[in-house]
Amino acid sequence: RLVDGEALAAALTFPPGSALDFLNESVTTGRGVTLQPFAKDARPAAVIVNGQGEGARIPLSGKAKHLTFLHAVNKQPYDLSMHGMQKEYKNATPGTYVLHYADGSKSEFPLNFRSHVCDWNDRFLPTNAEMGLFGTVDKLYHVNIPILTWTNPHPDKELKALEIRPGNRKNLDLAVVAISLD
């Protein structure tokens, strides 16, 4: 589902009344790919997939070598110890991206928490992502929405759809702010 405004702030667990205008800014990757965040009625928007809830499906066409995502999950409670945090989130999967091809085949990319995606206010960049939107909201809250590039395993095939499946944790909600195909 595409959500905006207060619903987006609530879905990402931003503090009430937070200014989300920064989500309207385009972001350019290290490879030179520009991601233009989703908008709904000129307001920032995102595709939200609730943990263990319903997924989302986005129609696609053409071919692509890469899919690039600007995405994050809602704020997560952290154990203050590094060991406790690693243990709790070791097997956390915030979601899976599934490419459906016109010939009926598909490819899956399961997301690993803190390897491919992090929560919106994580101090650390996921190990397999690059910096996307990084800074503060309302000069109070740290923001980190990383960029992930997935190399399509079948760049020669026509694309039909991108499915975003929910993850394996009830309160781990994935927000996809922008997608680019190249």
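Phe69 is buried, at a relative accessible area of 0% (buried: under 20% relative accessible area with a 1.4 Å probe, protein chains only). Tyr97 is likewise buried, with 0% relative accessibility. The model is predicted, so local features need pLDDT of at least 70 and side-chain atom pairs pLDDT 80 or more, whereas totals for chains, interfaces and linings use all residues. Residues are numbered from 1 along each chain as its sequence is written, and side-chain values use heavy atoms, without hydrogens and water.

Two aromatic pairs are present in the structure (ring centres of Phe, Tyr or the six-membered ring of Trp within 6.5 Å; stacked under 30 degrees between planes, edge-to-face over 60, tilted for the rest). Phe69 and Tyr97 are stacked, with 3.8 Å between centres and 5 degrees between planes. This pair joins strand β7 (residues 66–73) to strand β8 (residues 95–101), its partners being 28 residues apart; strands are DSSP runs (E) of at least two residues, numbered from the N terminus. Phe109 and Trp150 form a tilted pair, with centres 5.3 Å apart and planes at 55 degrees. Here Phe109 in β9 (residues 106–111) meets Trp150 in β11 (residues 141–151), 41 residues apart, and both are buried.

Turning to the interior, the largest nonpolar core has 25 residues, and Tyr97, Leu99, Leu162, Ile164 and Leu174 have the most contacts inside it (a nonpolar core: buried Ala, Val, Leu, Ile, Met, Phe, Trp, Tyr and Cys joined through side-chain atoms within 4.5 Å). Strands supplying at least two residues each include β5 (43–49), β12 (159–166) and β13 (174–181). Another core, apart from this one, has 23 residues, including Trp120 and Ile145.

Methods: Helices (H or I, at least four residues) and strands (E, at least two) are DSSP runs, numbered from the N terminus. Buried means under 20% relative accessible area, exposed over 50%, partly exposed in between (1.4 Å probe, protein chains only).
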